Amino acid sequence: ISREVAHTCAAIGGQRASVDTFIREGGLDLLNGLSQSRSVAVQVECALAMLSFAQNRETHKPLVKQGCLRSLVSMARSRNDELQRHVTLTFSVLAEKQAPKTWLVQSGITPYLFMLVRVSSDPEVQYAAARTLLYMR
């Protein structure tokens, strides 16, 4: 059930008309709670949902205020390649959409981005991590 809820959150994130209501009704808190799941499949769905929300520049402030960046950093510690890819892409999208650099730096993601540039076997992850770091400089 948790995975389906996270999957639904990702679908809502892709529909701009529903995003404000979702945020106002506490949906990001729900997403943060689900991101702490022990299930990697649920965490992947949560990362996908946060990636969907990051596409919309108006959601950047609520994402930060409600702790989603901290949740992403927590998920970045995973050894799961798919989860790392989605988390890194989310930070890359935030950088691309010009989220304030201080938010990204204060999130604590920097050490994980450096690690992913060095050790990831996925070129897409390496590129997204490097691009985010370049934006943050």
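This is a short chat about a predicted model of one protein chain, with most of the talk on helix 7.

Student: What does the secondary structure of the protein chain come to?
Tutor: The model is predicted, and the chain has 10 helices and zero strands. Read along the sequence, the pattern is α-α-α-α-α-α-α-α-α-α.

Student: OK, helix 7. Which residues does helix 7 cover, and how far apart are its end C-alpha atoms?
Tutor: Helix 7 covers residues 81–96, and its end C-alpha atoms are 22 Å apart. That agrees with the expected span, because 16 residues at 1.5 Å a residue should also give 22 Å.

Student: What sits at the N-terminal end of helix 7?
Tutor: Asparagine 80 caps that end. One of its side-chain oxygens lies 3.0 Å from the backbone nitrogen of glutamate 82.

Student: And what follows helix 7?
Tutor: Glutamine 98 follows, with a positive phi, near 60°.

Student: Which residues of helix 7 are buried?
Tutor: Among them are Leu83, Val87, Phe91 and Leu94. The buried residues also include polar names such as Gln84, His86 and Thr88.

Student: Which helices do those buried residues pack against?
Tutor: They pack against helix 4 (40–54), helix 5 (60–65), helix 6 (68–76), helix 8 (101–106), helix 9 (110–119) and helix 10 (123–136).

Student: Different topic. How much of the whole chain counts as buried?
Tutor: Of the 137 residues, 47% count as buried.

Student: And what area does the chain expose?
Tutor: About 7200 Å², with carbon and sulfur atoms supplying 52% of it.

Student: What share of contacts comes from residues 24 or more positions apart?
Tutor: 67%, taken over the contacts with a separation of 6 or more.

Technical notes
Residues numbered from 1 in each chain as written. Predicted model: local features only at pLDDT ≥ 70, side-chain atom pairs only at ≥ 80, totals over all residues. Heavy atoms only, no water. Helix = DSSP H or I, 4+ residues; strand = E, 2+ residues; numbered from the N terminus. Expected span 1.5 Å × (residues − 1). Buried < 20%, exposed > 50% of the residue type's maximum accessible area, 1.4 Å probe, protein only. Contact = heavy atoms within 4.5 Å. Polar contact = N/O pair within 3.5 Å; in protein donor to acceptor, adjacent residues only side chain to side chain. Areas by Shrake-Rupley, 256 points an atom, 1.4 Å probe, with all protein chains shown as cover.
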